[in-house]
Amino acid sequence: MTLIKQLVSQDDFTGYYLLKELDVKLTNGATPKDYFDIVLCDGSGQMSAKFWDVSSTDKETFFPMGLVKVQGVVQTYREKLQIKIVRMRLTTEEDQVNLTDFIRSAPISPNDLIHSIKQVQNSIEDEEIRRIVDYCVAKVDDKLSHYPAAKTHHHAYFAGLAYHIVRMLEIGEFICKQRPFLNPDLIKAGIILHDIAKPEEMIAQLGIVSDYSLQGKLLGHISLASNWITEAAIHNGIELESEKVIGLQHLVLSHHNLGEWGSPVQPQTAEAVALHHIDAMDAKLQMVEDALDTTPESEPWTPFIRGLENKPIYRMKL
């Protein structure tokens, strides 16, 4: 089977893929026609695709999260690789392919990731902070073990959220040793809580986000997590005016740093400054790693990465 990562411009290929995204759109011109705007994916990566002149039968046959056999050709459009689908059909039992074969997942098992997070939760020395963290983590239940951290930008795959948290906790541990003035309990709690409401913000199956929930669209994960901290404090009989409660809320509310990035306030505690940069470092380096991993080794440049000011990354060959 031809993997997405192996495709290069002008390739004629046939393979099995997952319809990660599928939208029906109209062509421009005097006589508009329906076409499918698609994102095909497998375990190695994803690529945009077009299926032209779709019929009414096609529109009743193909839907997101469907497995398909595709015959196509790879083209270059606006400096990006794109697939023109020549033929496409749904897979059958005879094809002997399974949905899980096409899902990208974190490089560490979900059980190990959750175990690492639980260990850090239990290591929080301040009992009130630990209770607030435990309450908020319990609200997402087992979703933490398989949800992505985002729809497209970073850690957008099965168990990506837990992987993001664990990687940040590793960075946080180092920074707390290097900068002893930081409060380790607040750093640990802020890292675990900063994206904890993502499973309520997004609707996902097997690590693939299909849409945002009503709460996600109208409130967002930052506001949701801040509200959960309030709930946790009330549940545990902790004063809402406590600096611990306010400090945790500030960590969550400020971790995107700027209003245009979703934060209603900017970081104004030492731990909030640290959290923002820990989050940004892990997210941006993961974008680079994912781009390099999913770009054919024969290609010196990755596609443009939106989260990195829409710049491509050059693969050094030292």
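**Reading helices, strands and a buried histidine**

Modeller: In this predicted model, helix 8 has 16 residues, which at 1.5 Å a residue should span 22 Å; the end C-alpha atoms are 22 Å apart, in agreement with that expectation.

Biologist: Which residues of helix 8 are buried, and what do they pack against?

Modeller: The buried residues of helix 8 are Gly220, His221, Ile222, Leu224, Ala225, Ser226, Trp228, Ile229, Ala232 and Ala233. They pack against helix 3, helix 5, helix 6, helix 7 (214-218) and helix 9. Glycine 237, which follows helix 8, has a positive phi, near 70 degrees.

Biologist: How should one read the pattern of burial along a helix, and where do the buried residues of helix 3 lie?

Modeller: An α-helix has 3.6 residues a turn, so residues three or four places apart point the same way. In helix 3, the buried residues are Ile129, Ile132, Val133, Cys136, Val137 and Val140. Viewed down the axis of helix 3, they fall within an arc of 125 degrees, so they line one face of the helix. Among the elements that cover them are helix 2 (110-123), helix 5 (184-193) and helix 9 (243-254).

Biologist: What is found at the two ends of helix 3?

Modeller: At the N-terminal end, aspartate 126 acts as a cap, with a side-chain oxygen 3.1 Å from the backbone nitrogen of glutamate 128. Just after helix 3, aspartate 141 takes a positive phi of about 55 degrees.

Biologist: Turning to the strands, which partners does strand 4 have?

Modeller: In a regular strand the side chains alternate between the two faces of the sheet. Here, strand 4 (residues 67-77) runs antiparallel to strand 1 (residues 12-26), with seven bridges between them. Strand 4 is also antiparallel to strand 5 (residues 80-90), to which ten bridges join it. Valine 73 illustrates both pairings: it is the bridge partner of aspartate 12 and also of lysine 84 in strand 5. The hairpin of strand 4 and strand 5 has two residues between the strands, and arginine 78 there takes a positive phi near 55 degrees.

Biologist: Is histidine 155, in the loop between helix 3 and helix 4 (160-178), buried or exposed?

Modeller: Histidine 155 has 0% relative accessibility and therefore counts as buried, the cut-off being under 20%.

Biologist: With which side chain does histidine 155 make a polar contact?

Modeller: The side chain of histidine 155 makes a polar contact of 3.4 Å with that of glutamine 286. Beyond its neighbours within four places in sequence, histidine 155 is in contact with residues including Pro148, Tyr163, His164, Asp282 and Asp290.

Notes: Residues are numbered from 1 along each chain as its sequence is written. This is a predicted model: local features need pLDDT of at least 70, side-chain atom pairs count only at pLDDT 80 or more; totals for chains, interfaces and linings use all residues. Side-chain values use heavy atoms; hydrogens and water are left out. Two strands pair if DSSP finds at least two bridges between them. Helices (H or I, at least four residues) and strands (E, at least two) are DSSP runs, numbered from the N terminus. Buried means under 20% relative accessible area, exposed over 50%, partly exposed in between (1.4 Å probe, protein chains only). The arc is that of the directions from the helix axis to the C-beta atoms. Contact means heavy atoms within 4.5 Å. A polar contact is a pair of N or O atoms within 3.5 Å; within protein, one must be able to donate a hydrogen and the other to accept it, and residues adjacent in sequence count only if both atoms are side-chain atoms. The expected span of a helix is 1.5 Å times one less than its number of residues.
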